[in-house]
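Okay, everyone, thanks for squeezing me in before coffee. Let me put the structure up and then we'll walk through a few of its charged side chains.

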Amino acid sequence: MSVDLVGFLGVVLLAYVVPGPDFLVVLRSATEHPTKGRAAALGAQSGLCVHMLAAAVGLSVVAARSPVIYDAIRLGGAGYLVYLGVRAVLAARRTARPRGAQRQAIAPVATGGGGSGSRWRSGFRQGLLTNMLNPKAALFFLSVLPQFVHGGGSPARQIFLLGILDVLIGVAYWFGLVAVAARLRALLARPAIRHRWELTTGWLFIAVGVGVAVAA
């Protein structure tokens, strides 16, 4: 297989480092609980596998060339991000404490509700839907990735192998982010800081969702 691995790795790493919807979902999930963060990471990468397979069978080409399908996916993703943002803002308002109230300075960190199984399902679902409803992820396999394929071998095979490499790099990157974000849980145990965090991430989700919706 003859591919431009150096250039490809540079583009992939840049794509992961620049914050986007997947970054927000994994980061926020990890601060709720590391298990949920890892589940969100695997969900996002599973969504990437769906885009890769869709590109392999030509479905992504159809979606990219059909404004109706593309806009439906884009608006669905935007709506889901706004939904996650509204949930976060409402959670922040529920945990707000009255001024002057004498409460315990440290409170348990939110864990996303339920046991480990519930956290895993919730995180995986959020990561999967966020990625699957992001048409830019599909366009990556159609427009960006083929630029690193050379004519010395099967283009389909090269694209598939590069896609797998992309997914594996993403898993490593997201798990590293989860490990870092998990260290913030002690800080976020403070009610005032947790409240600001919920509000900030909630409005970020809403802003990104609106941005996706109005993007041409």
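So, let's start with Glu198, which is buried, at a relative accessible area of just 6%. Before going on: this is a predicted model, so please hear everything with that in mind.

What does Glu198 pair with? One partner is Arg194, with the closest N and O atoms 3.2 Å apart in a salt bridge. Those two sit four residues apart in helix 10, so about one helical turn separates them. Arg194 comes out at 8% relative accessibility, which is why it counts as buried as well.

Glu198 also forms a salt bridge with Arg28, at 2.0 Å from N to O. This pair ties distant parts of the chain together: Glu198 is in helix 10, residues 191-214, and Arg28 is in helix 2, with their positions 170 residues apart. Arg28 is buried too, like Glu198. And it goes on from there, with Arg28, Glu32, Lys36, Arg194 and Glu198 linked in a network of salt bridges.

Over the whole protein I get five salt bridges. One of them is elsewhere, in helix 5: Asp71 with Arg74, closest N and O atoms 3.1 Å apart. They're three residues apart in that helix, again about one turn. Here the burial is mixed: Asp71 is partly exposed at 31%, while Arg74 is buried at 9%.

Now for a contrast, back in helix 2. Asp22 lies in that helix, residues 21-32. Which side chain of opposite charge is nearest to Asp22, and how far away is it? It's Lys136, 12 Å away, so by the 4 Å cut-off there is no salt bridge, even though Asp22 is buried. What Asp22 does have is a polar contact, side chain to side chain, with Asn131 at 2.8 Å. Beyond its sequence neighbours within four places, Asp22 is in contact with Ala44, Thr130, Asn131 and Trp174. That Trp174 belongs to an aromatic cluster with Tyr16 and Tyr173, and a search of the whole structure turns up four aromatic pairs.

Quick zoom out to finish. We have 10 helices and zero strands. Of the 216 residues, 41% are buried. Among contacts with a separation of 6 or more, 87% are between residues 24 or more positions apart. The accessible surface is about 11,200 Å², with 68% of that belonging to carbon and sulfur atoms.

Right, that's my bit. Over to you.

How values were computed: Residues numbered from 1 in each chain as written. Predicted model: local features only at pLDDT ≥ 70, side-chain atom pairs only at ≥ 80, totals over all residues. Heavy atoms only, no water. Buried < 20%, exposed > 50% of the residue type's maximum accessible area, 1.4 Å probe, protein only. Lys, Arg positive; Asp, Glu negative; His and termini not counted. Polar contact = N/O pair within 3.5 Å; in protein donor to acceptor, adjacent residues only side chain to side chain. Contact = heavy atoms within 4.5 Å. Phe/Tyr/Trp six-rings, centres within 6.5 Å; stacked < 30°, edge-to-face > 60°. Areas by Shrake-Rupley, 256 points an atom, 1.4 Å probe, with all protein chains shown as cover.
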